[in-house]
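Dear colleague,

I am handing over the structure shown below, and I would be glad if you could look through it with the notes that follow beside you. They are written for someone who has not seen it before.

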Amino acid sequence: MSELRKLTLIVVILVAIIGLLTAFVPNMIGITPQWGGADAAAVSKIGEIIEYKPWILPLWEPPSGEIETFLFSLQAAIGAGIIGYIAGLYTGRKEKKRDRI
Amino acid sequence: MEGFLPLTWVIFWYAASAPFIVYGVWRLKKIIREYPESKPMLAVAGAFAFVLSSLKIPSVTGSCSHPTGTGFGAIIFGPAVTSVMSVIVLLYQALLLAHGGITTLGANIFSMGIVGPFAAYLVYKVLRNIAGFNITVFAAAALGDMATYVTTSVQLALAFPAPVGGVLRSFIGFSGIFAVTQLPLAIIEGLVTMLLFTYLFELKPDVFRIFHIEDKATSMEA
């Protein structure tokens, strides 16, 4: 098995373990998970410290949760597309070079 | 968190971030002019931050947060170039997703685009002669991610000091949210960055060599 494959396997296994632990840890340490954003938790923390109202509202907000999901997915898709394209480009060039030799 | 930072802090963080962005744009132009062959790798670095910051991942605190993806670019191109990339990511999320914000942009550039990448770069520089290649990249990316969220906690603590206990007390509170939530995410970011780094290094080592990144194991074989 090549080094890269070994490394890929290790990363996948470790990420899976972290993912599984995350599902159980909150209940184990006595938190009922809401799975909300850390931002929202910070906002309620500000509320504990001082009564504070945001002095400006976002210019535009996604009109629904669906549209928000779409825009987040779009962000991931654009990024992943670019990485995949360039990794593919480099792989192709490397293979071409090898064929010539 | 649009509108949550008081105006003085809005101005402060914009002013603090501005010089880094100016320098970063200059560096970016210089790299493109002198080493045009590194353009695809610049795109990968920007795209990686784009992907990773879109993934809201559940964490041990029962809340979700997202990684930053800035360690990759910081290690190769230096922290200032990564600062510019973070602006693109932060603007996308502020304008289209109401995530972050225009008033908080300066503060977010400072934490995600400056402190995080600088921390990653520093960890890389310190560790690369001591530890193995993979461990070094992992630690740099993971600690850069953590540094970003510790900075966010500091920024909020400065803006909202507790009536009793002040900034320190608030910092403990905010880092209990951000830093603790970030722990497993930072490990994931470190692992994924390490994998992408090794993968691209195997495919295209010459671009990495321009920026003086040599995998010791590989160079010994050659």
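Two strands are said to pair here if DSSP finds at least two bridges between them. By that rule, strand 1 of chain A, residues 36-37, and strand 2 of chain B pair in the parallel sense, over two bridges. Please keep in mind throughout that this is a predicted model.

**The sheet shared by the chains**

At this pairing, A:G37 is the residue that stands opposite B:C64 in strand 2 of chain B. Strand 2 of chain B is also joined by two bridges to strand 1 of chain B, and these two strands run antiparallel; in this second pairing, B:I57 stands opposite B:S65. Taken together, the strands form an open sheet of three strands in the order 1(A)-2(B)-1(B), with mixed pairing. Its edge strands are strand 1 of chain A and strand 1 of chain B, the latter covering residues 57-58, and each of them pairs on one side only. As general background, strands of a sheet pair through backbone hydrogen bonds, either parallel or antiparallel.

**The contact between the chains**

The contact between the chains takes 50 residues from chain A and 51 residues from chain B. On the side of chain B that touches chain A, at least two residues each come from helix 2 (39-52), strand 2 (63-65), helix 4 (79-97), helix 6 (133-159) and helix 7 (166-203) of chain B. Which of the elements of chain B gives the most to this side? It is helix 7 of chain B, with 17 residues. Sorted by class, the side of chain B that touches chain A has 33 nonpolar residues, 14 polar ones and four charged ones.

**The two chains**

Chain A is divided into domain 1, residues 1-56, and domain 2, residues 58-101, and the centres of these two domains, taken over C-alpha atoms, are separated by 24 Å.

Chain B has nine helices and two strands, which follow one another along the sequence in the pattern α-α-β-β-α-α-α-α-α-α-α. Its C-alpha trace spans about 60 × 35 × 30 Å along the principal axes. The radius of gyration of chain B is 18 Å, which agrees with the value near 17 Å that a compact globule of 222 residues would have. Of the 222 residues of chain B, 57% count as buried, and among the contacts in chain B with a separation of 6 or more, 72% are between residues 24 or more positions apart.

**Two helices of chain B**

Helix 2 of chain B has 14 residues and reaches 20 Å from its first C-alpha to its last, close to the 20 Å expected at 1.5 Å a residue. This helix is mostly covered, with eleven of its 14 residues buried, among them B:M41, B:F48 and B:L52. What covers the buried residues of helix 2 of chain B comes from both chains, and includes helix 3 (65-100) of chain A as well as helix 3 (71-77), helix 4, helix 7 and helix 8 of chain B.

Helix 6 of chain B has 27 residues, which at 1.5 Å a residue should span 39 Å, and its end C-alpha atoms are indeed 39 Å apart. Helix 6 of chain B is mostly covered too, since 22 of its 27 residues are buried.

**Two residues of chain B**

Is B:T193, which has its place in helix 7 of chain B, buried or exposed? A residue counts as buried if 20 or more other C-beta atoms lie within 10 Å of its own; B:T193 has 29 C-beta neighbours inside 10 Å, and therefore counts as buried. Leaving aside its neighbours within four places in sequence, B:T193 is in contact with B:G71, B:F72, B:V137 and B:A141.

B:F208, by contrast, lies in helix 8 of chain B, residues 205-210, and counts as partly exposed because it has 19 C-beta neighbours inside 10 Å. Not counting residues up to four places away in sequence, B:F208 touches B:I76, B:F201 and B:I213. The C-alpha atoms of B:F208 and B:P6, which are 202 residues apart along the chain, are separated by 42 Å.

With best wishes

Technical notes: Residues numbered from 1 in each chain as written. Chains lettered and ligands numbered in written order. Predicted model: local features only at pLDDT ≥ 70, side-chain atom pairs only at ≥ 80, totals over all residues. Contact = placed C-beta atoms within 7 Å. Helix = DSSP H or I, 4+ residues; strand = E, 2+ residues; numbered from the N terminus. Nonpolar A, V, L, I, M, F, W, Y, C, P; charged D, E, K, R; others polar. Rg over C-alpha atoms; globule rule 2.2 N^0.38 Å. Buried ≥ 20, exposed ≤ 12 C-beta atoms within 10 Å, placed from the backbone. Expected span 1.5 Å × (residues − 1). Domains from an automatic or database assignment.
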